[in-house]
Amino acid sequence: MKDIIEISEVSVYYDKFCALNNINLKVSEKEFLAILGPNGGGKSTLLKLILGFKDAKVGKIKVLNDKPKDARKSIGYVPQSSKFDKEFPINVEDVVLMGKLNNKVSPFLKFTNKDREEAYEVMKKLGIYRLKDRQIGQLSGGQLQRVLIARALVLQPKILLLDEPTASLDAQAKLDIYNLLRELNQNITIVLVTHDIEIISNYATNIVCINKELYYYGKAKKGIEINMNFFQNPTNFIDHINTEQYSNTLYGGI
Ligand SMILES: Nc1ncnc2c1ncn2[C@@H]1O[C@H](COP(=O)(O)OP(=O)(O)OP(=O)(O)O)[C@@H](O)[C@H]1O
Ligand SMILES: [Mg+2]
């Protein structure tokens with residue numbers, strides 16, 4: 001499989017603060033990569049780097065053989081929804097259609113009939129078509145996540161980046177989202193930030209653990225075990241991942 005994201009020796013800074021240090025990572029076509037790590041570990045920063053919203057101060061990054069900014073039209077992005085303004089007075093259909101703007105800010109929201117047809121098709125696929133006239137503030141957490149995923153899919157991206165799309169969802173809604181992503185993964189490369197380590201080992205093909213530095217990258221296996229000290233002791237390479245210990249140590253349980 002071709003590498004479609006290539007990050008070599010990349011460091012990312014916010015002013016003088018180093019958020020990612022010397023990261024090397026390759027993501028290949030059709031991979032389902034789960035990014036794990038503690039709060040503040042740089043997971044969202046890594047997605048922003050791939051999208052070209054944040055530049056590498058040091059190192060090289062290529063996405064679809066291009067600069068991240070130029071590849072952005074082929075990347076769907078589902079931001080961390082805690083940062084999404086649910087009170088904004090807009091309905092589901094318009095949120096999904098905004099995906100057509102591809103992050104370009106436009107004062108004129110003018111969409112063609114073809115745009116609408118394509119948006120309806122994605123909404124039907126994700127089971128949210130019947131909600132199209134609802135205000136987003138009136139959706140459940142799981143429904144809102146589907147709307148945000150639909151918005152990311154309307155431009156038919158090659159890569160889908162998702163930042164904690166299952167945070168605050170119940171167990172069934174999480175599984176529904178993961179099953180949907182598994183289906184989408186037949187055609188799209190998926191890069192997902194998550195804290196659901198027990199579930200994700202059944203869905204992801206690969207796992208990466210970051211906490212400013214990249215501590216582990218490998219194939220996802222059922223029941224994989226992480227050494228509970230690995231963020232404290234990077235030299236202690238992980239070959240045993242105890243999922244329960246991992247969650248308890250880093251996240252205080254889920
Ligand atoms: N705009 C910013 N300006 C300054 N520092 C920032 C900015 N965004 C993030 N940081 C810092 O960079 C580090 C990494 O942040 P990031 O949001 O990437 O972490 P994260 O792994 O996504 O965390 P979380 O699990 O809480 O979402 C943190 O220490 C954070 O405070
Ligand atoms: Mg984050």
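Just after α1, Gly52 takes a positive phi of about 80°. This is a predicted model, in which local features need pLDDT of at least 70, side-chain atom pairs count only at pLDDT 80 or more, and totals for chains, interfaces and linings use all residues. Residues are numbered from 1 along each chain as its sequence is written, and side-chain values use heavy atoms, without hydrogens and water.

Helices (H or I, at least four residues) and strands (E, at least two) are DSSP runs numbered from the N terminus. Eight of the nine residues of α1 are buried (under 20% relative accessible area, 1.4 Å probe, protein chains only), so the helix is largely enclosed by the rest of the structure. Among them are Lys43, Ser44 and Thr45.

The magnesium ion (ligand 2) has two protein donors, Ser44 (OG) and Gln80 (OE1), at 2.0 to 2.5 Å; donors are N, O and S atoms within 2.8 Å of the metal (3.2 Å for Na, K and Ca), and water is not among the atoms, so sites may look incomplete. Ser44 lies in α1 and Gln80 in the loop between β5 (75-78) and α3 (92-98), so the pair ties together parts 36 residues apart in sequence.

| Donor residue | Relative accessible area |
|---|---|
| Ser44 | 16% |
| Gln80 | 17% |

An open three-stranded sheet has the order β2-β1-β4 with antiparallel pairing, where pairing requires at least two DSSP bridges between strands. Its edge strands are β2 (17-28) and β4 (58-63). β1 (residues 3-14) pairs with β4 over five bridges, and Glu6 stands opposite Lys62 in β4.

Definitions and conventions:
Chains are lettered from A and ligands numbered from 1 in the order in which they are written. Buried means under 20% relative accessible area, exposed over 50%, partly exposed in between (1.4 Å probe, protein chains only).
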